[in-house]
Each structure stands twice: as C-alpha cells, then as structure tokens.
Amino acid sequence: MAAGTEESRVRAIIIAAGSGHRLRPLTLHLPKCLAIKKDGKSLFDMQLDALHQNGVQNISVVYGYQSEKFTSPNIHYILNKNFADSNILESLFCAVDVMQGDLLILYSDIWFSPHLLSQLLTAKEDIVLGIRKQWKEDYETQTIQSSEEAEVVIMEERTRIIKHIGKIYRPSTAVSGEFLGMFKLTSSGTETLKHFYSQVKA
C-alpha cells in the first residue's frame with residue numbers, strides 16, 4: 001500500500017477466466033493477463049499494484065483457463081469451471097457470493113494507471129463506468145482489430161443514463177465512448193446489478 005493511503009472498503013473482482021485465443025501462441029500456456037508483460041512484469045501484477053496503491057486489499061479473481069498459473073498470495077480465487085463456454089458476465093456471477101457492498105469490477109486484460117483507478121473509486125454515483133471518449137484514434141492507427149469490435153457505451157448525455165454497452169453494427173450510431181473494462185458500484189448499485197441479472201437470467 002502506498003504511504004499515506006488508507007485501506008479501502010471497496011472489494012475488487014478481477015475477471016480472468018478466458019483463454020485469450022486471439023493472442024495465441026502467446027497464450028498457449030498462460031492466461032492473457034499473465035502472458036502480457038512489460039519490463040518483466042505481468043499485466044496482472046500491474047493491476048494488483050494499482051489496486052494496492054489505492055488501498056484496495058480485498059481482491060477476488062475469477063479464473064478458469066490455466067488456473068494453476070495464478071499464484072499471487074492474499075487473493076480469493078473463484079473457479080469458473082465452464083470458462084470455455086461462458087462469457088464475461090457469467091464469469092462475474094461465479095463470484096456472486098462475494099458481490100456485496102461497494103464493488104470494483106475489472107477485466108483482467110486492461111492496463112490502467114493508479115490515478116485512473118483513484119478517479120473511479122472516488123465517484124459517488126451508484127454505477128460508474130470507465131470509458132474512453134477519444135477511442136476511435138486507437139483503432140485508426142492499428143490493423144489488428146477493427147473498431148467494429150470495440151465494446152462501446154451509448155449514453156444519454158444530459159442524464160448520463162447508460163443505454164447500451166457492447167458492440168454495435170451501425171456506424172452512424174452516436175457513441176459516447178469505449179468501455180474500458182472497469183466499473184465501480186456502491187452497495188445499492190451492486191444490489192441493482194444482481195437483481196437485474198437474476199431477472200434476465202430467469
């Protein structure tokens with residue numbers, strides 16, 4: 001924990017069950033977040049560092065593919081046995097037993113600065129998404145992935161109510177930004193998410 005940082009009451013859940021098949025052969029023997037490294041440090045370890053610098057110590061990880069490769073201590077690991085046939089949302093709800101109180105939910109394959117995480121953690125609204133508004137530029141400068149693959153957010157700008165998160169197929173649709181794969185919930189927001197999920201699942 002960084003000097004002067006109080007321990008946060010927020011619980012973090014990292015979703016790390018997928019096989020990362022699009023990055024093979026890099027991910028043949030390691031989960032994506034462990035295979036991607038910078039200066040010898042895995043993406044997963046960089047995420048843990050950012051969480052710890054913001055005082056977040058209560059961390060759960062939903063894993064599946066190559067689960068035995070996760071060895072970081074002081075983490076609550078939750079196995080998604082059906083990771084090969086389930087999506088991110090279903091992986092998240094493998095952790096429903098720890099989805100209580102204020103929550104920070106993260107994709108495992110994103111890099112973020114401790115400062116960005118701090119902004120998200122200090123937001124007061126019940127459901128807060130991290131989005132990148134200048135998102136198209138990233139796709140225009142690379143050829144690996146089309147912007148049609150982006151997980152975008154469509155939001156009513158005046159009320160800031162989220163209407164859609166996911167891929168879109170009509171280029172003319174007004175997009176508010178690209179979802180960064182991280183969002184924060186208050187206790188009320190957590191209960192709203194669980195209630196809505198159970199309704200849709202039923």
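How many bridges join β6 to β10, and do they run parallel or antiparallel? I counted four bridges, and the two strands run antiparallel. I note at the start that this model is predicted.

**Entry 1: the chain as a whole**

I began with the overall inventory. The chain holds six helices and ten strands. I found that 43% of its 202 residues count as buried. Next I looked at contacts between residues at least 6 apart in sequence; 67% of these join residues at least 24 apart. The accessible surface came to about 12000 Å². Carbon and sulfur atoms account for 51% of that surface.

**Entry 2: strand β10 and its partners**

I went back to β10, residues 177–185. Which residues stand opposite each other here? On the β6 side, I found L104 opposite K184 of β10. I then checked β7, residues 127–132. Five bridges join β7 to β10, and this pair also runs antiparallel. I131 stands opposite F179 of β10. I looked up β8 as well, which spans residues 152–156. Two bridges join β8 to β10, again antiparallel. There V152 stands opposite E178 of β10.

Is β10 enclosed or open? I checked burial residue by residue. Eight of the nine residues of β10 are buried, so the strand is largely enclosed by the rest of the structure.

**Entry 3: helix α4**

I turned to α4, residues 114–122. Which residues of α4 are buried? I noted L117, L120 and L121. Viewed down the helix axis, the buried residues fall within an arc of 95 degrees, so they line one face of α4. I then checked the face turned away from that buried side. It carries H115 and T122, both exposed.

What covers the buried residues of α4? I listed the cover, which includes helix α2 (43–53) and the strands β6 (103–107), β7 and β10. Two of these strands, β6 and β7, are the ones I had already found bridged to β10. So β10 enters my notes twice, as a strand partner and as part of the cover over α4.

**Entry 4: aromatic rings**

I searched for ring pairs next. The count came to eight aromatic pairs. I took F44 and F70 for a closer look. Their ring centres are 5.3 Å apart and their planes stand at 85 degrees; an angle over 60 degrees counts as edge-to-face, so this pair is edge-to-face.

Where do the two residues sit? F44 is in helix α2, while F70 is in the loop between β4 (59–63) and β5 (76–79). They are 26 residues apart, and the pair links distant parts of the chain. I checked burial for both. The cut-off for buried is under 20% relative accessible area. F44 has 1% relative accessibility and counts as buried. F70 has 7% and is buried too.

I followed F70 to Y77. Here the ring centres are 6.3 Å apart and the planes stand at 55 degrees, so the pair is tilted. Is Y77 buried or exposed? Neither label fits: Y77 is partly exposed, with a relative accessible area of 21%.

Last, I looked at how the ring pairs join up. They link F44, Y63, F70 and Y77 into a cluster. Helix α2 thus appears in two of my entries: F44 lies in α2, and α2 is among the elements that cover the buried residues of α4.

Methods
Residues numbered from 1 in each chain as written. Predicted model: local features only at pLDDT ≥ 70, side-chain atom pairs only at ≥ 80, totals over all residues. Heavy atoms only, no water. Buried < 20%, exposed > 50% of the residue type's maximum accessible area, 1.4 Å probe, protein only. Arc of directions from axis to C-beta. Contact = heavy atoms within 4.5 Å. Areas by Shrake-Rupley, 256 points an atom, 1.4 Å probe, with all protein chains shown as cover. Phe/Tyr/Trp six-rings, centres within 6.5 Å; stacked < 30°, edge-to-face > 60°. Pairing = 2+ DSSP bridges.
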